[in-house]
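Please take a moment with the sequence and the 3D view before reading on. The paragraphs after them are meant for a reader who is meeting this structure for the first time.

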Amino acid sequence: MEGIHLNDVHVQFDHPSGITIAVDGVTQQVPPRSFVSIVGPSGCGKSTLLAVIAGLQPATSGSVDINGRRVTGPDRDIGVVFQEDSTLPWRNVRENVEFAMQMAGVSKGERAAKAAAAIELVGLKGFENSYPATLSGGMRQRVALARTLALQPGVVLMDEPFAALDQQTRIFLGAEVRRIWEQTHQTVLFVTHDISEAILLSQQIWVMSYRPGHVIDVIDIDLPDERDASIVSSPRFNELHNRVWTSLQKESMRGFQDVETA
Amino acid sequence: MAVGIEPSQQAPPKRLPPPRGARWRAAQRVPQGVRSAAASAVLLAVLFVLVQIGVASGALRQTGLPLPTEVVGSTLGLLGTGGFWSDFGRTCLEIGASIVAGCALGLGAGIVFWKLPLLGRVFEPYLVSFYAVPLVLFYPMMIVLVGINAGSIIILSSIMAAIPLALNTRTGLQGIRPVHLKLARTLQCNARQTLFGIAIPAAAPMIVAGLRLAVVYALIGSIAMEFTTAQNGLGYRIRYLYETFDNKTMFAYIFVVLILSVLLTVLMAMAERVLLRGRR
Ligand SMILES: Nc1ncnc2c1ncn2[C@@H]1O[C@H](COP(=O)(O)OP(=O)(O)O)[C@@H](O)[C@H]1O
Ligand SMILES: [Mg+2]
């Protein structure tokens, strides 16, 4: 049972004005050492699904197994990169990257070596002593990425990590993530609302519907492993883009109708 | 197997400070502190000269101010007397003890109010209104309970120092960004790690602002209570010299209290720089 297994995961939120179904029966697998992206309109339950896999949020029903173990709570072998800036402003880059290892009780010498390697991996060499306040948004996300990678988790979950960044930085960092993944081959589940980003990075895409949240389409990305930005103009990329777009559009139209008739 | 959309080592944007930017910033800050210290020194010197001229020319005779040069002279004279050091030591002990006890109490209360929001909501209005009450008024009661000694002053000054710190600590802890607490959870931090690794550093700007208030309140509380009733201490001595019409020595003691408060302020500014290193 390697990889991530989602078994009929439901999540609903009860509030005074009623019930919100955020995730409605998702059954999927992320094969070990593969890169899978989730695309879907905002509010479709992507973050909630990721929080359940990370053990931050209990499922109302259903279950998640990671590498054969049932998820019952957070686990340091599951690394999470958040959408919001999660760097610690009172620690410089090196201390930020060491934070996760420090909490895990890694020895000082090992911490320093692993932090240096992770900082190099994300391209922040030379900024070890800088504080987050002096870094751009993209560099802070690199710090968060390095902090997660330094613990060498078997599974990495990323919730729109680059959504708050400008288009160019996003493309740069997407390429970095893909490059890093090709070195580490961790199991990655990557949430985004950018279709091109999802196609460029992943081996498989799950398309989520507007509401209630389930996976309406699973698309294998049969592009070559070695891809660069030029692939965007290839016919196959366009076909894949159209396929994802068509699924999403059908669903968002239905979403608008729901809102209008509600 | 690089993707090749861009080189893996992205060149840093130009507008960013050079590597080791934090140290560079710190280096810039020191002259700034020196500059403001120099500005206050100049201001004091100007004031000193003005008062000197005013007193010497008789324009300030009504105020009873002695010549500033005489005050400095008698202050230096005080340093040789055992009586001065006994008063000074007693006041420093009171202030120091109430800062330590007040900070521990305030920080602890702030953390408890954050951990137990219900308790925090119940107590906050009382704390806020206590904050507005001159607690020195409870000193006679404390004298009855504890006696005329450093203990009763330390107890009340500690409480005075603790209240603003407790309120600030609670506000700071409530303002922690949720993503930082989420990070703590994903890293399986235990309660101690979350508190010392995330919560307190995250709330540090508010806590440090509370600390500044705590120090000021400890100082004001100790000296004011000595001033009303005591058998020792700088505040007591000033009151005594006032009642015996020893104007010159009284101003020398007042001068010492001023120096003490400036010293505490400078120490706090230095502590603040260390505690808030790297922010903004
Ligand atoms: N803690 C919560 N309490 C109530 N409703 C929530 C909570 N978290 C998310 N929701 C709701 O669940 C739905 C899915 O949210 P989310 O998973 O954040 O979507 P996405 O990440 O795809 O934008 C939304 O309608 C949102 O309002
Ligand atoms: Mg989201």
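What follows goes through two sheets and then turns to the ligand.

The model shown here is predicted, and a good place to begin is an open sheet of chain A in which 4 strands follow one another in the order β2-β1-β4-β5, with antiparallel pairing. Strands β2 and β5 (69-70) of chain A are at the edges, and because each has a single partner strand, one side of each is left without a neighbour in the sheet. Further in, strand β1 of chain A, which covers residues 4-15, pairs with strand β4 of chain A, residues 61-66, in the antiparallel sense and over 5 bridges; here A:His5 stands opposite A:Asp65 of β4(A). Helix α1(A) packs on this sheet, where it touches β1, β2 and β4 of chain A, and the direction of the helix makes about 120° with that of β1(A).

Chain A also has an open sheet of 6 strands, ordered β6-β7-β8-β3-β9-β10, in which the pairing is mixed. Its edge strands are β6 (78-81) and β10 (215-220) of chain A, each of which pairs on one side only, and neighbouring strands of the sheet are turned against each other by 15° on average, when direction is ignored. Strand β6(A) pairs in the parallel sense with strand β7 of chain A, residues 155-159, over 4 bridges, and A:Val155 in β7(A) is the bridge partner of A:Ile78. Helix α4 of chain A, residues 137-150, packs on this sheet and touches β6 and β7 of chain A, with a direction that makes about 180° with that of β6(A).

With the sheets in view, the ligand can be placed. Which residues surround ligand 1? Among them are A:Phe13, A:Thr20, A:Ala22 and the residues A:Pro41, A:Ser42, A:Gly43, A:Cys44, A:Gly45, A:Lys46, A:Ser47 and A:Thr48. By class, this shell has 4 nonpolar, 6 polar and 1 charged residues.

Some of these residues come into polar contact with oxygen atoms of ligand 1: a backbone N or O atom lies 2.6 Å from such an oxygen in the case of A:Gly43 and 3.1 Å in the case of A:Gly45, whereas for A:Ser47 a polar side-chain atom lies 2.7 Å from an oxygen atom of the ligand. Taken alone, ligand 1 exposes 560 Å², and the protein buries 60% of that. The elements that give two or more residues to the shell are β2 (18-30) and α1 (46-54) of chain A, and α1(A) gives the most, with 3 residues.

Terms used:
Residues numbered from 1 in each chain as written. Chains lettered and ligands numbered in written order. Predicted model: local features only at pLDDT ≥ 70, side-chain atom pairs only at ≥ 80, totals over all residues. Heavy atoms only, no water. Near = heavy atom within 4 Å. Polar contact = N/O pair within 3.5 Å; in protein donor to acceptor, adjacent residues only side chain to side chain. Areas by Shrake-Rupley, 256 points an atom, 1.4 Å probe, with all protein chains shown as cover. Nonpolar A, V, L, I, M, F, W, Y, C, P; charged D, E, K, R; others polar. Pairing = 2+ DSSP bridges. Contact = heavy atoms within 4.5 Å. Axes fitted to C-alpha atoms, helices over the stretch in contact; angles between N-to-C directions.
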